[in-house]
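Let's take a walk through a protein structure together. Have the sequence and the 3D view open side by side, and turn the model as you read.

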Number of protein chains: 2
Amino acid sequence: MEEKDISQAVISRLPRYFRYLGELRDEGVERISSQELSELMKVTASQIRQDFNNFGGFGQQGYGYNVEFLYKEIGKILGLDKTHNLIVIGAGNLGQALGNYMNFEKRGFILRGMFDKNPDLHGKAVRGIPVQPMENIESFVRENNIDIAVLTIPKTSAVDVAEVLVNNGIKAIWNFAHVDLNVPEGIQVENVHLSDSLMKLSYNLERYNKENTK
Amino acid sequence: MEEKDISQAVISRLPRYFRYLGELRDEGVERISSQELSELMKVTASQIRQDFNNFGGFGQQGYGYNVEFLYKEIGKILGLDKTHNLIVIGAGNLGQALGNYMNFEKRGFILRGMFDKNPDLHGKAVRGIPVQPMENIESFVRENNIDIAVLTIPKTSAVDVAEVLVNNGIKAIWNFAHVDLNVPEGIQVENVHLSDSLMKLSYNLERYNKENTK
């Protein structure tokens with residue numbers, strides 16, 4: 001399938017479609033119209049059709065979409081039909097939470113290594129994967145065909161570690177460090193800035209309180 | 001200050017401004033032009049001016065912005081000049097990571113309670129806050145002036161727990177459960193769907209690989 005140049009806004013919506021279709025599939029639903037999907041997901045049917053048209057439309061809209069087919073196709077687009085080898089750098093609570101998250105493995109994201117600078121954690125296992133010293137990152141990444149590095153380390157070390165990762169062939173970084181990474185063209189970075197998200201919630205809360213106490 | 005009706009896209013960018021201005025302030029920078037800020041943050045100067053104009057502009061653009069003033073004003077807009085009482089529901093690795101995160105407290109988000117259905121965790125303390133049974137949520141929320149509930153529980157229970165929270169006066173939910181919550185008008189929800197973020201990274205990685213192996 002030939003894909004057009006697709007905006008990141010559309011890409012951001014794909015996992016949500018994937019999630020709803022997976023639930024429909026688990027419930028035994030075989031077909032769904034864009035109208036029904038629209039009501040379920042609280043987005044317009046026209047938005048759904050536009051989004052899907054980026055990928056060729058996924059079949060007759062009048063007759064409805066085949067749930068299983070659509071689920072699998074979106075999964076393929078998201079690269080979930082492949083296995084991705086993942087390492088987690090920073091084995092604190094957040095790193096362990098991500099390393100332990102079963103759903104990632106179900107989607108083909110396989111935890112291969114964990115690293116931390118704290119010697120007390122070395123040898124401790126997360127899902128059978130022992131935590132290693134930071135010094136091992138370079139050789140481990142080179143020798144184990146690692147696709148994705150998850151950074152759950154403080155911002156002060158994240159920039160340097162990202163450079164080491166890129167120099168050793170990492171192509172994608174899932175960044176939880178509270179800093180924007182400067183990486184070369186072609187390296188994919190997805191940021192999860194938790195503080196930013198909490199501040200946005202705080203803004204909306206304050207805003208609502210202000211409007212309702214006027 | 002009178003605020004216009006501001007889009008969520010602008011709001012989403014405020015925490016990033018706040019972060020950069022905080023770093024500039026810590027480095028002792030007193031003034032910065034929109035052009036300099038633009039180069040630092042890799043957004044256009046016109047975007048910065050447009051964003052700031054939503055809040056009255058924050059002072060002379062020719063002469064540059066006063067960093068300390070701008071930092072504080074954006075902090076106020078984000079509600080960070082107030083204290084927010086927070087509870088975490090789900091005391092697994094992710095809940096503990098969020099409960100332990102010092103930066104939140106620095107911003108006025110104070111951990112007041114933690115809850116989990118697992119009896120093995122009851123009484124265990126996170127930053128001095130003992131984990132309580134789920135049954136205590138209702139009375140605790142009512143009696144302790146709780147503003148924000150953080151949900152790090154599985155999606156199967158998140159919907160029911162959210163309903164309990166809302167019925168007992170919670171006005172904001174920071175939702176890490178992999179499900180969209182249906183809450184009444186006026187209840188603020190900020191979702192952090194970690195799987196969605198990882199899938200987006202996976203998409204961008206696959207897309208880049210495909211384009212570069214053609």
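Start where one chain reaches over to its partner. Helix α9 of chain A lies across five strands of chain B, namely β3 (84–89), β4 (109–115), β7, β8 and β9. Its direction makes an angle of about 170 degrees with β9(B). Keep in mind throughout that you are looking at a predicted model.

What kind of surface does that helix cross? In chain B you will find an open sheet of 7 strands, with mixed pairing. Read across the sheet, the strands come in the order β5-β6-β4-β3-β7-β8-β9. At the edges sit β5 and β9 (188–191) of chain B, and each of these pairs on one side only. Further in, β7 (residues 148–151) and β8 (residues 172–175) of chain B run parallel and are joined by 4 bridges. If you look along this pair, you can spot V150(B) standing opposite W174(B).

Now step back to the place where the two chains meet. Chain A brings 45 residues to the contact, and chain B brings 45 residues as well. Which elements of chain A give two or more residues to this side? They are α1 (8–26), α5 (93–100), α6 (102–106), β8, β9 and α9 (194–211). The largest share comes from α9(A), with 14 residues, and this is the helix you met lying across the strands of chain B. Sorted by class, the side of chain A that touches chain B has 22 nonpolar, 15 polar and 8 charged residues.

How are the two chains arranged relative to each other? Chain A can be superposed on chain B by a rotation of 180 degrees, with 0.0 Å of shift along the axis and an RMSD of 0.0 Å. The two copies are therefore related as by a two-fold rotation axis. The contact fits this picture: 100% of the interface residues of chain A are also interface residues in chain B, so the copies meet through the same surface.

Next, zoom in on strand β8 (residues 172–175) of chain A. Is each face of this strand covered or open? Both faces are covered. A172(A) and W174(A) on one side are buried, and so are I173(A) and N175(A) on the other. The strand has a partner in β7 (residues 148–151) of chain A, with which it pairs in the parallel sense over 4 bridges. To get from β7(A) to β8(A), the chain passes through helix α8 (residues 155–167), and this β-α-β crossover is right-handed. Another partner of β8(A) is β9 (residues 188–191) of chain A, which runs parallel to it and is joined to it by 4 bridges. W174(A) is a handy landmark here: it stands opposite V150(A) and also opposite E190(A) in β9(A).

Finish with two loops, where the backbone does something worth a look. K42(A), in the loop between α2 (34–41) and α3 (45–53) of chain A, has a positive phi of about 55 degrees although it is not a glycine. This residue counts as exposed because it has 8 C-beta neighbours inside 10 Å. In chain B, R127(B) also has a positive phi, of about 50 degrees, and is not a glycine either. Look for R127(B) in the loop between β5 (125–126) and β6 (129–132) of chain B. With 13 C-beta neighbours inside 10 Å, R127(B) counts as partly exposed.

Conventions
Residues are numbered from 1 along each chain as its sequence is written. Chains are lettered from A and ligands numbered from 1 in the order in which they are written. This is a predicted model: local features need pLDDT of at least 70, side-chain atom pairs count only at pLDDT 80 or more; totals for chains, interfaces and linings use all residues. Copies are superposed by least squares on the C-alpha atoms of residues with pLDDT of at least 70 in both. Two residues are in contact if their C-beta atoms, placed from the backbone, lie within 7 Å. A residue is buried if 20 or more other C-beta atoms lie within 10 Å of its own, exposed if 12 or fewer, and partly exposed in between; C-beta atoms are placed from the backbone. Two strands pair if DSSP finds at least two bridges between them. A crossover is right-handed if, with the strands pointing away from the viewer, the path from the first strand over the helix to the second runs clockwise. Ala, Val, Leu, Ile, Met, Phe, Trp, Tyr, Cys and Pro count as nonpolar, Asp, Glu, Lys and Arg as charged, and the others, Gly among them, as polar. Axes are lines fitted to C-alpha atoms, for helices over the stretch in contact, and angles run from 0 to 180 degrees between N-to-C directions.
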